[in-house]
Amino acid sequence: MTQAPPPPPPASPPPPPATRGPERFAAPVAAAPTTPWTKVLGAAVALLVLVVGVPVLMWVFTGPPPFPDGFPGRDELTSPIDTDTLLAVLRAVVWLAWLQFAICTVVEVMAALRGGQLARPLPLSGPSQGLARALVGTLLIGSTLLGAVGTGSAASATSPEPGDSRPEAAPTSAVVAQQVRESIAESVQATADVEQAPRHQAGDHVPGVPPSMTDVVGKKVVVVQPPDGHYHDNLWDIAERHLGDGRRWQEVYDLNKGRDQPDGGELVIGRLIQPGWVLVMPDDAVDAPRVGAVAAIATTQQSADLDKAGPQQGRNTPVTATGVAAEAGVASVADSSWDEPAPAADESDATEQAADRASSDDGWAVEEFVGGGLLAAMLAAAVAAERRRRRTRLEHAHRETEVVLRAGADPGRVDRIDRALRSLSAHCRVHRVPLPQIYAATVDDTRLDLRIAPPLDTAPAPWVVLDGGSTWRLPAEAELPDDRGHAPYPGLVCFGRGDDGADVLVDLEAVGGVLALSGSAHVARQVVSAIAAQLATVPWADAQVVHGYDLPAALGPVAGDVLRPVADLGAMVSGWAASPPGRPAQEVLGGRLGRRPGVQPQYLLLGSLPDDTARDAVGALGAGGTRGVGIVSAMPVPGARWRVHVDDTGRLTIPLLDIDVRAVRLTDPTVESLADLFGRARSEAVTVDGPRAAVPDPLRSGSDTEWRLAEIAVGVLGPAVVRAPGPIDPARVEIATEIVTFLALQDAPVHPSVLGASIWPRGVTPEVRDATIERVRTWLGTVDGAHALGQDEEGRLFLAEAVRVDWYAFCTLLQESRGAGVADERELVARALRLVRGRLLEGHPGHRYSWLPRTSIDDLSAMMVVDAAHRLAVLSFDDDPEGAAAASRAGLRLAPESQVLWRDLLVAEFRREEGAGAAAAVEEMVTELDRHGVPLDAETEALVHDLLPESDLAGSS
């Protein structure tokens, strides 16, 4: 469990137990007084003399400052220097020196009042500015410390004696510091007293934390330490201790500026912090406890209106890092048959589970999806596929969940594994050679390695054989054949990510028995939940069935029909023992290669075991050594073939395979958020029948012609395109294009910090962010004498109005078409469809554009394009079937899974004079829909049967 930071050792020998309390953290009162008073008074007197005294004395004894009334003539320059001339020069020098020091003083005071930043050096003012900085700093900091000492002295002086009825004085800053430390420790420990820690809204009372400090619930905090002799805690040292770099003090200042502190003060000057103040820290801070251990979806994505939102209340409702609840609403989407009661846990188990949650500081994106990028990519792809098939639109909370999924996903690795394994399967089938028997795999950004037993020293190109055939390696840049075979290793799932950044996968079928986890039962169940989600969404599996016992109820909506709840574990195990669902291990070489359609792999995932009888039965079941079956238990099982250990921190080891990784896991709040997301994605489809959808108002003016001719233009209806006049390094085009696209789709200026959190969801330094913004500004150039990438008075970024975007030109044309006659409508819609070049931002890198769901353009663009293409096809069927076919294909470029447009294309091709294109269109449609996993609608099958009764598709229906 994360503990509050230990207090500093006492400055003096510890007092007797009866007197030991929070006061032991206060600085010794006797040593405090004289030095600060001397420094403060000295600085004040020095400033008064230099700023006020010097000019007054000069005025009294020498008169006002000398002001020249003209240029010196020849006589003045050639005459001898007398005493009066020398004194006049000295007077001018003194007045100029005073003016320089006064300006330095004003500059230093203004810098301090602006937040504690160092003032910029003034020309030729080094010594004067240094003296002014020292005096101003001593005066401001010293006066603050004197206030703290005075408070402490007053508290000591008014402490009641035994029996004294006088009211107690206000606590000192040091006392407040200890109280807050104890409060933080209590709030973390409080989660170990109950199995489910409640969530809190802003203003709710958190046990042990003063009401004024509920704004820190769910956040990492540190407490400003009391003075230690002449040393006073400061933001630079705090940043250095907890963030590893003192230069990050500004981040701490920005997080805490204006926040109410326990003593009633607030941070207004960066260099002035008080002992006992509670400072909110960035999420990557170390040795900083998270107050209340609120389960959080830790996403670095931010937006202007999210910053103002507060956390929602609800049991197991995950809260975003910006304080916005995901609003799971699991009851509306969870299958009631999944509510299998788990075995009753004793008090120690509940305490251990609560402690696990309390110690989990990393949150969703960091702990689960950055460490589980493959799982995040699978889930994000599954959600996107459901939304494309059904044309569903997401609410705000669902969009935030999808943003987190995309931010943590590694779709490039998932795609590479899928293509590599299917290509290998196709090669083995064509050449009639057995598949290599893999038991594990590792994948990173440079290569994919398959671990093979028994070794094979011959591999098809472009695979490379290593370690005598025990490893086959595929470099990331290798070109694979286009042939795609069946899924040879459907049980290959990711267990975690190593310290080197490589994902480690294990083939559950290769275990040949039970794979059992031990260690932290709570974390082990999370690992099994993650395995279940992978088996349900993994792209390198064709069809399989996952049986789950005592898994989170919300996994049902996430996994769909693939995951089946087990109500009676004993009956199922007995059935499997009598009739094993897999084939004997000795048939493995032929089994995998010759698996028949309809023979589905079976997996049994156990979140717990109800009793010893079930444990023994599962152990005996795994001893049969079957293939096509995988058994994973979150609890130890006798006779388990592979044993996996996972600790409270999520560290997972498989000693047999020499694997040590950070485990991929899914917490219950995360599963509930995913269930809500998948439930919404699988809701009723939005169709184009009936009243047509309203066209969104374009945020930027401009037609299709203006977009094509504009000097600065952004294209999103297809591959991302930015046309700009300035120079840019080709290696930086990708990130610059994303930044421009992000700004082009915003409806208001965006602060650089919001842009940074969106473009770099896993973190970026302000220096890198600002340097990249400047490169983009140079790339875009100027419009009418001003930068195309502008910045308003509050520092927020925006694109000039002259920048054109194809999406807004598309919407402009559609709005104009709605009120036009038929001929004009056809022309305007056709012009709009010519802007569609492909899928929205097609081909962008998988780790980019995670912010896109927040814009709603992914939903709106598909809806508007399908609507426009369908409308133009309907208007063109009778007199221009070729034009109707072209309209349908234009819409299919962006929405290839739209069966409305496929039906339009079939009708158009059938009505063309030659009439032969309809059969080819049917074949093309079946191939494309199968590629996207979209089943044929009954309406589509009926149309094919009506138009082409002789086709194979019509006959099969």
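## Salt bridges

The structure has 38 salt bridges, counting each side-chain nitrogen of Lys or Arg within 4 Å of a carboxyl oxygen of Asp or Glu. The model is a predicted one, in which local features need pLDDT of at least 70 and side-chain atom pairs count only at pLDDT 80 or more, while totals for chains, interfaces and linings use all residues. Residues are numbered from 1 along each chain as its sequence is written, and side-chain values use heavy atoms, with hydrogens and water left out.

Side chains of opposite charge can pair when their charged atoms come close. One such pair is R777 with E774, whose closest N and O atoms are 2.4 Å apart. These two residues lie three places apart in helix α22 (residues 766-780), so about one helical turn separates R777 from E774. Helices here are DSSP runs of H or I with at least four residues, strands are runs of E with at least two, and both are numbered from the N terminus. R777 is buried, at 8% relative accessible area, whereas E774 is partly exposed at 42%. Buried stands for under 20% relative accessible area, exposed for over 50%, and partly exposed for what lies in between (1.4 Å probe, protein chains only).

D879 and R826 also meet in a salt bridge, at 3.1 Å from N to O. This pair links distant parts of the chain, with D879 in the loop between α25 and α26 (881-894) and R826 in helix α24 (residues 822-833), 53 residues apart. D879 is exposed, with a relative accessible area of 54%. Elsewhere, D410, R413, D445, R497 and D503 are joined into one network by salt bridges that share partners. R248 and E251 form a further salt bridge, at 2.9 Å from N to O, and E251 is partly exposed at 25% relative accessible area.

## Overall make-up and confidence

The protein has 957 residues, and 50% of them are buried. Its secondary structure consists of 30 helices and 27 strands. The accessible surface is about 44,000 Å², with 56% of it belonging to carbon and sulfur atoms; such areas come from the Shrake-Rupley method with a 1.4 Å probe, and for residues only the protein chains shown count as cover. Among contacts (heavy atoms within 4.5 Å) with a separation of 6 or more, 72% are between residues 24 or more positions apart.

The average pLDDT of the protein is 75, and 72% of the residues score at least 70; this value is the predictor's confidence in each residue, from 0 to 100. Over residues 1-35 the pLDDT stays under 50, and the model has 41 contacts beyond four places in sequence for them. Residues 583-598 also have a pLDDT below 50, with 35 contacts beyond near neighbours in sequence.

## Nonpolar cores

The largest nonpolar core holds 87 residues, of which L717, L743, L755, L780, W807, F810 and L833 touch the most other members. A core of this kind is a set of buried Ala, Val, Leu, Ile, Met, Phe, Trp, Tyr and Cys residues joined through side-chain atoms within 4.5 Å. Helix α25 (residues 857-876) supplies the largest share of the core, 11 residues. Apart from this core lies another, of 81 residues, including V383, F495, L535 and L666.

Leaving out residues up to four places away in sequence, the contacts of L717 include D806, W807, F810, L835 and L894. D858 belongs to helix α25 and is buried, with a relative accessible area of 16%. Counted in the manner just described, D858 touches R387, R399, R406, L840, L852 and P853.

## Surface residues

L48, V52, V56, L57, V60 and F61 make up a nonpolar patch on the surface, with about 630 Å² of accessible area together. Patches are made of residues with over 30% relative accessible area and no salt bridge; like charges are joined within 9 Å and nonpolar side chains (Val, Leu, Ile, Met, Phe, Trp, Tyr) within 5 Å. V56 lies in helix α1 (residues 34-62) and is partly exposed at 44% relative accessibility.

V430, in helix α12 (residues 411-431), is exposed at 60% relative accessible area. V430 and G485 are 55 residues apart in sequence, with their C-alpha atoms 9.6 Å apart in space.

## Backbone details

Most residues other than glycine have a negative phi, and most peptide bonds are trans. The peptide bond from A453 to P454 is cis, with omega near 0°, and the bond from A461 to P462 is cis with omega near 10°. P454 is in the loop between β6 (447-452) and β7 (464-466), and P462 is also placed in the loop between β6 and β7.

D467 is not a glycine but has a positive phi of about 55°. D467 sits in the loop between β7 and β8 (471-475) and is exposed at 59% relative accessible area. D550, again not a glycine, has a positive phi of about 55°. D550 is in the loop between β12 (545-549) and α14 (555-559) and is buried at 6% relative accessible area.
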